Amino acid sequence: MALHSAIKGKLLSVIGDEDTCVGFLLGGVGEINKNRHPNFMVVDKNTAVSEIEDCFKRFVKRDDIDIILINQNCAELIRHVIDAHTSPVPAILEIPSKDHPYDPTKDSILRRAKGMFSAEDLK
Amino acid sequence: MDLFKNIVEVKGLLDKIYLQTLELIEEDVSIKINIEKLTNEGTLNLAKTRYNQGSNTVSITQLPTDDDREFFALKTVERTSDINSNCTQFALECHAVDKDSNHIDPINWFGVLIPQSLKIAREKYEKAIELSIESANVRQKIAKNCELIRKLKRIKRQFEKIEE
């Protein structure tokens with residue numbers, strides 16, 4: 001496969017529950033940059049939906065983040081924002097959490113792909 | 001439209017891309033199931049550590065906050081784009097622990113004596129990160145295919161209008 005235009009060292013960011021954030025940070029994706037901005041957000045039962053939405057939008061705007069990992073249950077809360085994001089970078093990845101198993105029917109990209117398969121088009 | 005001689009060619013290519021997209025969706029779902037397995041095992045090992053060391057030994061209170069000094073990620077992604085398909089792809093980059101360059105080992109946030117269960121949890125999450133990159137690449141291909149399907153459908157409609 002021909003590859004070109006390598007841009008180095010972009011981040012993975014995490015929005016999720018305590019175990020997801022602790023686990024992925026333990027795996028080595030965590031960073032606090034020069035401006036003291038972390039690339040992760042811990043969501044608990046007291047976190048407001050607007051806070052998740054603001055954090056997600058902030059991560060999308062940051063040019064040092066290429067992949068946003070978000071628990072699917074958190075993604076459900078801000079579905080309209082995730083559905084509106086169509087740019088390939090940063091890539092949004094909905095991941096399962098311990099209390100919420102992965103459900104492909106809720107996933108934005110997979111729903112978009114499913115929409116391509118209409119009975120009319122398959123004639 | 002000039003690329004195709006007739007509607008049969010367009011339909012043939014559409015069929016191929018539909019099939020490829022279905023295979024990619026299947027691949028993505030199976031990667032997600034593997035991520036789920038790994039994170040569940042990781043979570044179980046975090047719970048074991050809490051059971052042995054105390055409930056607050058592995059929690060958000062150990063994670064760095066905005067007040068902590070800067071440090072860099074040990075795992076980053078390298079972005080490339082495929083010349084042929086113009087599809088963005090990601091590759092995982094691993095950096096060695098080096099205090100001078102602010103690459104710190106995150107396991108040290110949770111104490112000096114590291115229990116085996118925490119080490120196992122880290123391994124599970126490291127594998128989950130690798131799979132996440134794989135999933136991101138598959139999803140880029142799915143998104144690209146959707147774009148291509150939309151274009152081909154437009155061309156197909158143009159042929160249908162001519163035939164009418």
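**Exercise 1. Two helices side by side**

How are H1(B) and H2(B) oriented to each other, roughly parallel or roughly antiparallel? Work it out from the crossing angle, keeping in mind that this is a predicted model.

*Solution.*
Step 1: Find the two helices. In chain B, helix H1 covers residues 7–53 and helix H2 covers residues 116–163.
Step 2: Look at how they meet. Their axes come within 7 Å and cross at roughly 160 degrees.
Step 3: Compare with the cut-off. Angles over 145 degrees count as roughly antiparallel, and therefore H1(B) and H2(B) are roughly antiparallel to each other.
Step 4: Add the hand of the crossing, which is left-handed.
Step 5: Sort the residues in this contact by class. The contact of H1(B) with H2(B) has 25 nonpolar, twelve polar and 15 charged residues.

**Exercise 2. A pair between chains**

Which residue of chain B forms a salt bridge with A:Asp107? Find the partner, then decide how accessible both residues are.

*Solution.*
Step 1: Start with the general idea. Side chains of opposite charge can pair when their charged atoms come close.
Step 2: Name the partner. A:Asp107 pairs with B:Lys32, and the closest N and O atoms are 3.6 Å apart.
Step 3: Place both ends. The pair crosses between chains: A:Asp107 sits in the loop between strand S4 (91–95) and helix H5 (108–114) of chain A, while B:Lys32 belongs to helix H1 of chain B.
Step 4: Check accessibility. Buried means under 20% relative accessible area. A:Asp107 has 0% and is buried; B:Lys32 also has 0% and is buried.
Step 5: Widen the view. A network of salt bridges links A:Asp107, B:Asp28, B:Lys32 and B:Arg139.

**Exercise 3. Pairs inside one chain**

How many residues apart are B:Asp105 and B:Arg122? Describe their salt bridge, then do the same for A:Glu76 and A:Arg79.

*Solution.*
Step 1: Take the chain B pair. The closest N and O atoms of B:Asp105 and B:Arg122 are 2.6 Å apart.
Step 2: Locate the two residues. They are 17 residues apart and link distant parts of the chain, with B:Asp105 in the loop between strand S2 (88–94) and H2, and B:Arg122 in helix H2.
Step 3: Classify B:Asp105. Its relative accessible area is 16%, so B:Asp105 is buried.
Step 4: Turn to chain A. A:Glu76 forms a salt bridge with A:Arg79, with 2.8 Å between the closest N and O atoms.
Step 5: Classify this pair. A:Glu76, at 35% relative accessibility, is partly exposed, whereas A:Arg79, at 11%, is buried.
Step 6: Put the pairs in context. Over all chains, the whole structure has 17 salt bridges.

**Exercise 4. Unusual backbone angles**

Is the peptide bond from A:Val89 to A:Pro90 cis or trans? Answer this, then look at the phi angles of A:Arg36 and B:Asn102.

*Solution.*
Step 1: Recall the usual case. Most residues other than glycine have a negative phi, and most peptide bonds are trans.
Step 2: Read omega. For the bond from A:Val89 to A:Pro90 omega is near 0 degrees, and the bond is cis. A:Pro90 lies in the loop between helix H4 (79–84) and S4 of chain A.
Step 3: Read phi for A:Arg36. Phi is positive, about 65 degrees, although A:Arg36 is not a glycine. A:Arg36 is in the loop between helix H1 (18–26) and strand S2 (40–42) of chain A, and it is partly exposed at 38%.
Step 4: Read phi for B:Asn102. The value is near 60 degrees, also positive in a residue other than glycine. B:Asn102 is in the loop between S2 and H2 of chain B and counts as buried at 15% relative accessibility.

Definitions and conventions
Residues numbered from 1 in each chain as written. Chains lettered and ligands numbered in written order. Predicted model: local features only at pLDDT ≥ 70, side-chain atom pairs only at ≥ 80, totals over all residues. Heavy atoms only, no water. Axes fitted to C-alpha atoms, helices over the stretch in contact; angles between N-to-C directions. Helix = DSSP H or I, 4+ residues; strand = E, 2+ residues; numbered from the N terminus. Parallel < 35°, antiparallel > 145°, perpendicular 65-115°, else oblique. Left-handed = near helix turned anticlockwise from the far one by under 90°. Nonpolar A, V, L, I, M, F, W, Y, C, P; charged D, E, K, R; others polar. Salt bridge = Lys/Arg side-chain N within 4 Å of Asp/Glu carboxyl O. Buried < 20%, exposed > 50% of the residue type's maximum accessible area, 1.4 Å probe, protein only.
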